[in-house]
Amino acid sequence: MASPPASELVLVIGNLTIDDVVLPDGSTHMATLGGNSVHAATAVVTAGAGAALVARRGEDFPPGALTALAAAGIDLAGLADIPGPTVRNWVVYEADGRRHWLYRTPPERSAEVAPEPADLDPVLLRRAAVVHVAAMPLGNAERIVAHVRRQAPGALVTVDTHESWDAGVAGRVLALARQASLFVPSLAELAELTGAGDPAAGLRALAAAGLRALAAAGLRLAVVKAAAAGAYVLEGDRITRVPAAETAVTDSTGAGDAFCGGLAAGLARGLGLVESAGLGAAVAAAAITASGSLRLLRPGLDRAGIAATGRRLAAAAAAADQPGAAAALAGGTAAGGLVHQTEAVTAGPSPSGTRPAWPGGDAGAAAGAEPGTDQRYDIEVMHREIATIPDVISDVLDDAGGQVTALAKRLAARGTRHLWLTGCGDSAFAGLATELAFQRHSGLTAHPVHALDLARYRARVLPAGSTVIALSFSGKVGRTTEAAIQARRRGHHVVALTNAADGQLAQASDEVLPLEVTTLGFSPGTSTYVAMLGTLLRLAAALAGLRGGGGELAEHLAALPARAAATLAAAAEPAVLAAEALLPAPWVAFLGAGPNEATARFGAAKLFEGAQQLGVATNLEEWAHEEYFVTSAGDPVVLINPAGAGHDRGAEILAELRFIGTRPVVISDAPAPPGGVPGELLLPLAAGVPEELSPVTACLPAALIGFHAARLSGKRSYNFPSEAARREHYQTIHRATVGEPA
């Protein structure tokens with residue numbers, strides 16, 4: 001069987017135990033492997049994803065106990081050895097199926113062997129598409145989830161509940177659940193935490209009441225394990241029941257962990273929430289037909305049949321609101337002889353392929369997934385990436401590896417006098433946005449130029465002393481690669497500013513300046529754009545420092561992360577109002593001058609890429625000469641007008657916008673001039689940012705407007721109509737043909 005793609009890794013964080021088993025006939029199996037992490041990790045690989053284990057083991061852990069896990073491809077590098085014993089249990093089975101657990105180690109040892117954030121390998125953590133936090137003491141779970149959120153914001157985090165999480169800590173548990181991506185309690189634990197429902201009212205009513213209580217507490221996504229009744233899925237205001245697969249039960253130990261492992265594997269593979277819950281139910285059904293923590297690794301287990309059962313269970317849940325669908329499906333036989341039936345808690349459950357808007361983290365989707373269902377394209381990814389921007393700014397400005405400073409020294413040593421900043425899309429905007437900073441501080445002449453123009457119209461006339469900085473986060477853009485090739489052919493030095501150190505742009509360049517920023521999926525670029533701005537501004541400051549200046553610029557750069565955070569907070573609510581104002585309009589003009597003409601282009605691009613609304617970016621002055629004639633009363637116009645050389649002209653244009661009765665949306669660090677009109681909005685920028693740095697903060701309200709416009713219109717990122725359309729589009733922009741320049 002082929003190994004799962006590296007992008008489909010589930011990191012399971014839980015416990016390991018040594019179980020001494022006593023069977024009803026009195027026979028024993030001593031020192032067997034146990035622990036929720038084992039049940040979950042074996043379920044992950046059974047469900048077709050990759051698994052890695054984080055757990056603690058004591059000095060007495062049996063040698064060779066994990067051999068079967070390693071042979072199954074489970075990554076054990078995350079195991080931590082600690083002093084003292086492993087938790088050890090007597091597990092006594094009765095003839096009627098009842099189990100008794102007797103702790104052989106002191107009760108407090110369970111807390112001592114629970115994982116801590118320090119046990120998590122940062123490299124392993126960054127590789128994970130899904131991080132599953134198995135049952136553990138509440139404090140440990142809180143610390144681990146907070147750590148994962150900081151270190152791996154792109155991962156989905158699923159949280160199972162622990163037997164000690166009772167009503168007395170319900171507030172803390174619900175707060176933890178809100179911080180996670182997906183909360184996965186059992187039905188009994190749900191009732192304990194929420195106080196909702198009456199068992200006498202029936203299982204279905206109890207699950208619905210408990211899930212609605214979670215929704216009232218601010219949770220939008222949850223999956224409730226209900227044993228033989230299946231699982232209940234909360235997505236927004238929709239509750240869907242996924243049935244269980246009927247089967248003969250041999251041992252239900254670890255069934256909940258197996259469900260969680262199968263669920264996490266589905267999410268890592270890019271399946272929807274209902275489809276992932278169906279896969280979890282199918283894996284759990286397979287697990288309970290045998291005994292032992294390694295039962296899912298037994299030879300001959302029909303993994304294809306389990307996957308088929310999962311799909312059928314999910315399909316049953318999705319079809320339950322259609323007349324007659326439940327009756328038609330009830331009693332049908334799934335792969336492996338497992339029987340399924342369905343019942344929806346509320347009408348209209350989501351299709352099994354629909355991806356929820358994850359509140360924290362995003363898993364990679366299976367290769368070839370249609371962009372209309374691939375959760376990496378969910379517009380909520382854009383929102384989460386915007387939230388990371390203050391940290392992104394801080395990271396790129398730190399220049400921890402010294403690459404930016406070293407590049408500045410090499411440019412000076414080469415005698416560079418002209419810096420050509422080239423790219424396409426956001427990368428082209430970044431060059432325009434940072435031109436003023438280079439002009440004011442670096443001692444070089446900066447030339448922002450689109451990659452097509454440089455490749456086909458400027459390559460032959462670049463002056464001596466030129467260095468080209470070719471910008472592309474993906475490192476795949478064809479025209480930017482061509483610009484690098486054309487410049488190098490004519491003897492000019494080329495630096496690739498990219499996240500892909502081995503991509504086609506890097507290979508076409510003389511050297512690479514790495515752009516290291518974590519992305520959470522495929523969304524209209526926000527954090528990546530700001531990372532490009534920050535890197536170029538840091539380079540301008542390094543060049544200024546070589547000339548004996550740059551102190552004041554460095555101080556302003558150091559303050560940028562806090563000012564970005566302040567801007568995001570101040571613009572959060574007015575950005576929603578601005579998006580509501582923009583949506584009814586057939587087109588929206590974005591006006592900016594100097595470095596913030598780039599911000600106008602950026603803002604218009606975010607409307608294209610998300611809400612699919614026409615945004616027209618233009619120079620502040622040009623609007624009065626061109627777009628004025630097609631601007632009417634009631635039209636929204638976005639004016640980016642921070643303090644600086646063009647601010648007074650922006651105020652004059654604002655007066656004209658007011659006169660003709662438009663709805664101005666002003667992005668500025670200055671108070672609105674007197675004479676505002678009905679519907680006028682101000683999205684405030686943090687004060688104290690000099691004009692050459694203002695594109696960093698000015699783009700943030702524009703990004704928020706773009707996100708909310710897409711969200712309110714029900715759109716996703718890019719909205720490709722099909723996978724074929726997506727492939728064709730990227731082939732078009734990645735194709736690195738090299739033409740003959742003029």
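Is cysteine 699 buried or exposed? At 2% relative accessibility, cysteine 699 counts as buried. Hi everyone, and thanks for coming. Before going on, please keep in mind that what we have up there is a predicted model.

Let me stay with cysteines for a moment. Cysteine 260 is also a buried residue, with 2% relative accessibility. If you work at the bench, you may well ask how many disulfides a search of the whole structure finds. The number is 0. As a reminder, a disulfide is a covalent bond between the sulfur atoms of two cysteines.

Now to helix H25, which covers residues 694-712. This helix has 19 residues, and from first C-alpha to last it reaches 28 Å, close to the 27 Å you would expect at 1.5 Å a residue. How many of its residues are buried? For H25 the count is 17 of 19, so we can call it mostly covered, given that buried means under 20% relative accessible area. Just after the helix comes glycine 714, with a positive phi of about 75°.

Keep walking and you are in the loop between H25 and H26, where tyrosine 718 sits. Tyrosine 718 is worth a pause: its phi is near 70°, a positive value in a residue other than glycine. With a relative accessible area of 24%, tyrosine 718 is partly exposed.

After that loop we reach helix H26, residues 723-734, and glutamate 723 belongs to it. Buried or partly exposed, would you say? Glutamate 723 is buried, at a relative accessible area of 6%. And what does its side chain contact? There is a polar contact of 2.7 Å between the side chains of glutamate 723 and arginine 726. Here a bit of helix geometry is handy: an α-helix has 3.6 residues a turn, so residues three or four places apart point the same way.

There is a second positive phi outside glycine to show you. Glutamine 612 has a phi near 55°. You will find glutamine 612 in the loop between helix H22, residues 597-611, and strand S23, residues 614-619. Its relative accessibility is 45%, which counts as partly exposed.

Next, a group of helices, with H20 as our reference. H20 runs over residues 527-546. It has 20 residues and spans 29 Å from its first C-alpha to its last, close to the expected 28 Å at 1.5 Å a residue. Like H25, this helix is mostly covered: in H20, 18 of the 20 residues are buried. Just after H20, glycine 548 takes a positive phi of about 85°.

Which way do the neighbours of H20 run? Take helix H14, residues 389-398, whose axis comes within 9 Å of the H20 axis and crosses it at roughly 30°. Angles under 35 degrees count as roughly parallel, and therefore H14 and H20 are roughly parallel to each other. The crossing of H14 past H20 is right-handed.

Then there is helix H16, residues 426-441, with an axis that also comes within 9 Å of the H20 axis and a crossing angle of roughly 20°. That makes H16 roughly parallel to H20 as well. H16 passes H20 in a right-handed crossing too.

Let me move towards the start of the chain, to helix H5, residues 138-151. H5 has 14 residues and reaches 20 Å between its first and last C-alpha, close to the 20 Å expected at 1.5 Å a residue. It is mostly covered, with 10 of 14 residues buried. Among those buried residues are Leu138, Ile144, His147, Val148 and Arg149.

Valine 148 has a partner to point out. Leucine 125, in helix H4 (residues 122-127), is 23 residues away from valine 148 in sequence, and their C-alpha atoms are 7.6 Å apart in space. Leucine 125 is buried, with a relative accessible area of 2%.

One last pair, and then I will take questions. How far apart are arginine 456 and proline 741 in sequence, and how far in space? In sequence the two are 285 residues apart, while C-alpha to C-alpha the distance is 4.0 Å. Arginine 456 lies in helix H17, residues 451-458. At a relative accessible area of 23%, arginine 456 is partly exposed.

That's my tour. Thanks for listening!

Notes. Residues are numbered from 1 along each chain as its sequence is written. This is a predicted model: local features need pLDDT of at least 70, side-chain atom pairs count only at pLDDT 80 or more; totals for chains, interfaces and linings use all residues. Side-chain values use heavy atoms; hydrogens and water are left out. Helices (H or I, at least four residues) and strands (E, at least two) are DSSP runs, numbered from the N terminus. Buried means under 20% relative accessible area, exposed over 50%, partly exposed in between (1.4 Å probe, protein chains only). A polar contact is a pair of N or O atoms within 3.5 Å; within protein, one must be able to donate a hydrogen and the other to accept it, and residues adjacent in sequence count only if both atoms are side-chain atoms. The expected span of a helix is 1.5 Å times one less than its number of residues. A disulfide is a pair of cysteine sulfur atoms within 2.5 Å. Axes are lines fitted to C-alpha atoms, for helices over the stretch in contact, and angles run from 0 to 180 degrees between N-to-C directions. Angles under 35 degrees count as roughly parallel, over 145 as roughly antiparallel, 65 to 115 as roughly perpendicular and the rest as oblique. A crossing is left-handed if the near helix is turned anticlockwise from the far one by less than a right angle, and right-handed if clockwise.
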